[in-house]
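Work through the three exercises below with the coordinates open beside you, and try each one before reading its solution.

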Amino acid sequence: MNAEQAEIRQTAKEFVAKNIIPHAAEYDKSGDFHGYILEAAKSSGIFAMAVPKEYGGLGYGPLTQALVLEEWGYGCAAMGTTLSASILSMESVLIAGTDDQKRRYFKPMLTAGIGAFALTEPAAGSDAGAGVATAIKSGNDYILNGPKCWITNGGEAAVLVVFAATDLAKGAKGLSAFIVERGLPGFIMGDREEKLGLRSSNTVFFFMKDLRIPATNLLGSEGDGMKIAMETLDLARPSIGALAIGLAQRCLDECVKHLHERYPAKMFPGETLQFDLADMQIQIEGARQAQHHTMALREADLPFSKEPAIAKTLATNVAMAVSSQAMRLMGSHAYTSEFGKFMRDAKVMQIYEGTNQIQRLVIARSVLAPSKVIAPAMKEGAK
Ligand code: COS
């Protein structure tokens, strides 16, 4: 971390302490979308941190983004997820978008708007290429039909990257990616999901019924969708790791605070408990290092494929383990909905942006055929 990154992290820490931590429990309880955070973050331009400077954004590199996301995860993983899911969608546009597409997609981010990445369908979760949504060319337009579900930010995003088959018969090879602006006729919004965790992050089902978009909204070429989605997820999965590390560190800090309050200094519990605390910090630091290593590889444009999957798996498992361990050490004091939020939020991190079982599939493939792993910048379509 250089001096500039340290300063950015400190600013994020202060923003989180002032704007996120005081409101996290209240939004968790109501499950309402925390729209106020978009307004609060406007002046810092943080929703545009992944937008390159040439497009008016902050142009933060991957490690700097991770430092900010860790702070947001420390404050509230639901609010952090809103930020990271928006960046997820931007990655697809960075990978495959033309100059004009980038300009159009990133514009809302500059005014604290958010984006969404719509890949999942009722029949296409882990098997990302098995969707039934279609995009059929009609003159200078595409007409989109079909369902999308579990879409983070879906009900709030100003603009979305939507995946749909331009040739359903070709399966994953027929998948394509499109920019879809909000508010078009044929975009039918379903109910928001009532979730166990990340309750105030917006997660929706939506349906596209003869939704017409200009053909110029196609990202890359027809059939590029699966590659764009996979490359996007490779780039974005460590962000979930960053949120998870922040969440785990918060649980440890809250646990230590509680123990200090509960026990006078001379009666502070003995080595068994101290070893438990040390083990929690070892796990967090290990996950943090794995995650920073992935970001460093990316910044240096070195090949990676298994590393984001390792970073995501490790960090999300640590978040689950540390939140659970903190509750054990704090006893009934932590068995409240407010502290339980950490555990509820951690659980989904093992599931979304590719389950930790899918991550193992990605890791195993990379272990079995390391020569096939190439740097993102060298991949076809990379801009
Ligand atoms: N980078 C670039 N291209 C990739 C890639 C990567 N990391 N991984 C796969 N691809 C390409 C493959 O090269 C293949 O293209 P070709 O046939 O032209 O070579 C295509 O994508 C399909 O890949 P593959 O045959 O490996 O697909 P599978 O169906 O076997 O499995 C998994 C792919 C399971 C890894 C994928 O479906 C996946 O990641 N699923 C989880 C989806 C997910 O994370 N969902 C979360 C919702 S989004 S928040």
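Axes here are lines fitted to C-alpha atoms, for helices over the stretch in contact, and angles run from 0 to 180 degrees between N-to-C directions. The model is a predicted one.

**Exercise 1.** Determine how the axes of helix H7 and helix H8 are arranged relative to each other.

*Solution.* Begin with the axes of H7 (residues 271–299) and H8 (residues 306–330), which come within 9 Å and cross at roughly 160°. Because angles over 145 degrees count as roughly antiparallel, H7 is roughly antiparallel to H8. As a next step, the handedness of the crossing of H7 and H8 can be assigned, and it is left-handed. Finally, sorting the residues of the contact of H7 with H8 by character gives 16 nonpolar, six polar and three charged.

**Exercise 2.** Check the span of helix H4 against the value expected at 1.5 Å a residue, and describe how covered the helix is.

*Solution.* Helix H4 covers residues 77–96, which is 20 residues. The expected span is 1.5 Å times one less than the number of residues, so H4 should span 28 Å. The end C-alpha atoms of H4 are 29 Å apart, which agrees with that expectation. As for its covering, 20 of the 20 residues of H4 are buried.

**Exercise 3.** Describe the surroundings of Pro108, starting from the helix in which it is found.

*Solution.* Pro108 belongs to helix H5, which comprises residues 99–110. Its relative accessible area is 17%, and since buried means under 20%, Pro108 is buried. Leaving aside residues up to four places away in sequence, Pro108 touches Gly113, Ala158 and Val159. A C-alpha to C-alpha distance of 9.1 Å separates Pro108 from Ala157, although the two are 49 residues apart in sequence.

Conventions
Residues are numbered from 1 along each chain as its sequence is written. This is a predicted model: local features need pLDDT of at least 70, side-chain atom pairs count only at pLDDT 80 or more; totals for chains, interfaces and linings use all residues. Side-chain values use heavy atoms; hydrogens and water are left out. Helices (H or I, at least four residues) and strands (E, at least two) are DSSP runs, numbered from the N terminus. Buried means under 20% relative accessible area, exposed over 50%, partly exposed in between (1.4 Å probe, protein chains only). Contact means heavy atoms within 4.5 Å. Angles under 35 degrees count as roughly parallel, over 145 as roughly antiparallel, 65 to 115 as roughly perpendicular and the rest as oblique. A crossing is left-handed if the near helix is turned anticlockwise from the far one by less than a right angle, and right-handed if clockwise. Ala, Val, Leu, Ile, Met, Phe, Trp, Tyr, Cys and Pro count as nonpolar, Asp, Glu, Lys and Arg as charged, and the others, Gly among them, as polar.
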